[in-house]
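Hi everyone, thanks for making time this morning. I'd like to walk you through one model, so let's bring it up.

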Amino acid sequence: KSEEMIVRIGSVNMRALETYDKIKEDYEKIADKVKQLEKERDEILKIIEEIDIKKKRTFIKTFNSINELFTQNFVELSVKGKAFMEIENPEDIFAGGVMITLKVAKGKYFDVSSLSGGEQTLMALSLIFAIQKFNPYAFYILDEIDAALDKRNSELLSNLLKKYMKSGQYIVISH
């Protein structure tokens, strides 16, 4: 019976051992490359995470500084209340935007879209000047920034401009 089974199995392929050794060697090379690539991927992900942490830290620092300057500028330009910026999605700051809110003396809150054109202009100018103070340039051109403002608000804007003209050159085209 054993001889019949051996005949049915057939002759042994002695090259199979060589083929196995070659395939095993190739497999080990590929497995080493996979380990190396996984290690490099983990290192890259770690670098990306560090960059994201630095990016978030820098953004928050810049945001807070500009927000403080923005609030100060708006207080100088308006008697309406206090304006400030808020991050829409504090859990993932880069997944949302930034909201600008006005808190009036009576404790009510308004967003920018509910304000008049003149009030929106004052908000925008407060933000522009806050950014300018945070990261100043030497030269500015402002075209009809007072177009939506009444006389009183134009005078407040003029006073703020005088303050900022000490640190930069301005060309202002007036209404």
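**Ile173 and its surroundings**

Let's start with Ile173, which is partly exposed at a relative accessible area of 40%; that label covers what lies between buried, under 20%, and exposed, over 50%, using a 1.4 Å probe and protein chains only. Before going on: this is a predicted model, where local features need pLDDT of at least 70, side-chain atom pairs count only at pLDDT 80 or more, and totals for chains, interfaces and linings use all residues. Residues are numbered from 1 along each chain as its sequence is written, and side-chain values use heavy atoms, leaving out hydrogens and water.

Ile173 sits in strand β5; strands here are DSSP runs of E with at least two residues, helices are runs of H or I with at least four, and both are numbered from the N terminus. Opposite Ile173 in β5 stands Asp143.

Now, how do β4 and β5 pair? They run parallel, over five bridges; pairing requires at least two DSSP bridges between two strands. From β4 the chain goes through helix α4, residues 151-164, to β5, and this β-α-β crossover is right-handed, meaning the path over the helix runs clockwise when the strands point away from the viewer.

Side chains along β4 alternate: Tyr140 and Leu142 face one way and are buried, whereas Phe139, Ile141 and Asp143 face the other and are not.

Elsewhere, there is an open antiparallel sheet of three strands, ordered β1-β2-β3. β1 (81-87) and β3 (109-111) are at its edges with a single partner strand each, so one side of each has no neighbour in the sheet. Happy to take questions!
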